[in-house]
Amino acid sequence: MTDNQISLVGKITVDNLPKNEKSTHHFIRLFLPRDAISFHLDKDKSRFMYVSKNVTSFSIKKHAAEPLVSTIPQIIAGFDGLNQTQCDCVPPDVQIAVGSHHVVEMVNADMGIWDENGVFLSSVLLDRLFSTPSSDILSDPRLMFDASSNKWYASILDVTTSHVGVAVSTNEDPTKMWNVYSIQFDGNCPDQPSIGISDDKFVVSANDFTNCLSNPVFVGAQYFVIDKNNLIMGVPNPSMQKFGPDGSTFSIFPVQSLDSTSTLFMVDAYGNNNILHLYSLVGTVPNVQVVKKDLVIQSINIPPSAIQPNTTTTVNTNDDRIQSAVFDGGILWFGLNDGCTPQGDVQARSCVRLVELDTAGPTVLQDFDIGNAGFYYFYPALAVDLSSKLNLEFGYSSPSDYPGLMFAVQDASAGSNGIVRPQIFKQGAWYDDIGRYGDYFGSSTDPSNSLYTWFAGEYHKDKSPFWSTYVATTNPYAIPEFPYSVAILGITMISFIVLSRLQVRL
């Protein structure tokens with residue numbers, strides 16, 4: 001490791017930055033898969049060009065998705081988040097984090113800040129926060145609030161260099177000062193960077209490619225383990241360790257720890273195989289040791305693109321790498337897009353795959369798909385509330401439903417390998433073929449009332465060709481309901497529409 005692989009860019013105070021002016025450039029964010037043959041069927045690798053193609057073949061899962069059972073949770077508040085008039089980029093790559101007094105949303109080149117009552121406070125372009133020449137060169141934001149340190153953490157890819165920007169707030173107010181760092185990866189394009197955190201460690205992981213713009217070649221997965229307190233204090237040369245790049249591994253996803261632990265966990269699992277890698281980072285920087293365990297899960301399959309009404313344009317779903325992961329109370333959950341055949345269906349759909357691990361074993365506790373006859377589910381974002389219930393958001397569409405947003409929970413009434421009936425919290429109107437959909441959504445546990453969770457995701461409204469985002473928080477209490485099966489769920493969406501009416505407390 002050279003001395004210049006991480007450096008302090010500066011201290012940025014958000015409320016001193018100028019307000020966001022709309023970007024004047026429209027462009028498609030890069031998407032770099034390891035298996036180019038599979039992913040080229042639906043997601044073009046060019047940053048500036050998009051070509052819509054339908055998936056014609058894929059591997060079908062041999063096991064059926066599990067039934068959805070028992071109770072109906074509720075939405076208690078929601079509001080429109082950032083949209084394409086503020087960030088003229090595709091897709092938004094939505095992220096959300098909630099602190100004690102603020103709600104923060106990030107999309108590919110913009111950050112919006114609201115107070116705890118949903119009152120809009122400010123919006124700034126991410127090039128201002130990360131001190132880069134232009135927002136056009138930024139991609140793949142990640143964001144989290146860490147209750148143990150009462151700080152905000154964010155990352156972004158600079159597509160013109162081999163750097164990932166990392167920003168860490170100096171207090172709980174995201175409108176105040178952030179320490180901003182630049183991390184140099186060994187490849188020339190550290191694609192899809194992700195971040196994770198524990199009591200004393202912070203990790204940035206990415207897939208190294210030879211470049212971001214044309215004919216990229218995969219170099220390997222790489223991650224940096226950094227002293228968390230050094231980042232908070234703004235130390236110019238924080239203590240850190242570098243691992244990789246490893247050409248045999250792809251998309252190692254660091255986990256956000258909601259519970260107190262010095263161990264930082266990471267996971268990777270990727271298409272057409274059934275091996276999950278669990279990484280445990282133990283010890284303190286710069287003497288961290290990596291313990292890697294291989295666990296068997298059901299095979300992951302590339303899902304088909306999602307159908308919507310009145311058009312041949314399909315919704316991009318086929319990124320089957322891990323997209324969201326949380327750790328709490330010795331339990332680790334992660335979610336991804338998967339291809340499965342729901343009960344009562346005759347063809348494969350895009351489904352939401354959920355896996356639960358007991359990290360002490362480690363042992364796979366649950367491993368199942370959320371699927372629904374005739375429907376497509378995609379882009380799960382996970383959170384765990386105070387009662388240790390899994391809360392999740394995901395997108396949906398069908399031949400009768402434009403892409404919208406749902407949420408669901410798993411509690412004792414759902415049993416193993418099942419969830420409480422999912423509810424719509426935002427209906428979409430249309431999705432035009434002007435760029436990719438996704439590439440991921442966001443979720444966050446509310447630290448001021450951790451029975452509540454927040455979600456943000458993409459939708460299109462009023463048949464607009466431009467994307468919008470919606471932010472919502474859930475009620476921890478559920479309304480009793482008769483059990484039902486996935487096959488019954490596929491008959492109608494009318495009950496969903498009625499139950500999705502929001503009582504916004506803004």
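**Strands, rings and hollows in a predicted model**

Modeller: Phe 253 stands across from Val 267 of S19. This is a predicted model, where local features need pLDDT of at least 70, side-chain atom pairs need 80 or more, and totals for chains, interfaces and linings use all residues. Residues are numbered from 1 along each chain as its sequence is written, and side-chain values use heavy atoms, without hydrogens or water.

Biologist: What makes S17 and S19 a pair?

Modeller: Strands pair if DSSP finds at least two bridges between them. S17 and strand S19 (residues 264-268) are joined by two bridges, so they pair. They run antiparallel. The strands themselves are DSSP runs (E, at least two residues), numbered from the N terminus.

Biologist: Which strands stand at the edges of that sheet?

Modeller: The sheet is open, with four strands in the order S17-S19-S20-S21 and antiparallel pairing. S17 (253-254) and S21 (289-296) are its edges; each has a single partner strand, so one side of each lacks a neighbour in the sheet.

Biologist: Why is Ser 251 called buried?

Modeller: Buried means under 20% relative accessible area, exposed over 50%, and partly exposed in between (1.4 Å probe, protein chains only). Ser 251 has 12%, so it is buried. Its place is the loop between strand S16 (240-246) and S17. Its C-alpha atom is 9.5 Å from that of Pro 33, 218 residues away along the chain.

Biologist: Asp 93 and Asn 150 both have a positive phi. How do you know which is buried and which is partly exposed?

Modeller: Asp 93 has a relative accessible area of 0%, so it is buried. Asn 150 has 27%, so it counts as partly exposed. Asp 93, with phi near 50°, sits in the loop between S4 and S5. Asn 150, with phi of about 60°, sits in the loop between S9 and strand S10 (151-158).

Biologist: Which peptide bond is cis in the loop between S4 and S5?

Modeller: The bond from Val 90 to Pro 91, with omega near -5°. Pro 91 lies in that loop. Another cis bond joins Gly 361 and Pro 362, with omega about -10°.

Biologist: How do you know that both faces of S5 are covered?

Modeller: In a regular strand, side chains alternate between the two faces of the sheet. In S5, Gln 95 and Ala 97 are on one side, Ile 96 and Val 98 on the other, and all are buried. S5 also pairs with strand S6 (residues 102-107), antiparallel, over four bridges. Gln 95 has Met 106 as its bridge partner. Three residues separate the two strands of this hairpin.

Biologist: Why is S26 called largely enclosed?

Modeller: Nine of the nine residues of S26 (376-384) are buried, so the rest of the structure largely encloses this strand. S26 pairs with S27 (residues 390-398), antiparallel, over seven bridges. Leu 382 has Leu 392 as its partner in S27. Five residues lie between the strands of this hairpin, and Ser 388 there takes a positive phi near 65°.

Biologist: How many aromatic pairs are there, and by what rule?

Modeller: Rings of Phe, Tyr and Trp (its six-membered ring) pair if their centres lie within 6.5 Å; planes under 30 degrees apart are stacked, over 60 edge-to-face, the rest tilted. The count is 18. Tyr 377 and Phe 394 are 4.8 Å apart, centre to centre, with 50° between the planes, so this pair is tilted. Tyr 377 is in S26 and Phe 394 in S27, 17 residues apart. Both are buried.

Biologist: What makes the largest cavity a cavity and the largest pocket a pocket?

Modeller: On a 1 Å grid over the protein atoms alone, a cavity is a set of points where a 1.4 Å probe fits but cannot get out; a pocket is an open set with protein on both sides within 12 Å along at least five of seven lines; lining residues have an atom within 4 Å of a point. Volume is the space filled by probe spheres on the points, which are joined across faces, edges and corners. The largest cavity has about 120 Å³, and 16 residues line it, including Ser 251 and Phe 253. The largest pocket has about 620 Å³, with 40 lining residues. S9 gives the largest share of that lining, five residues.
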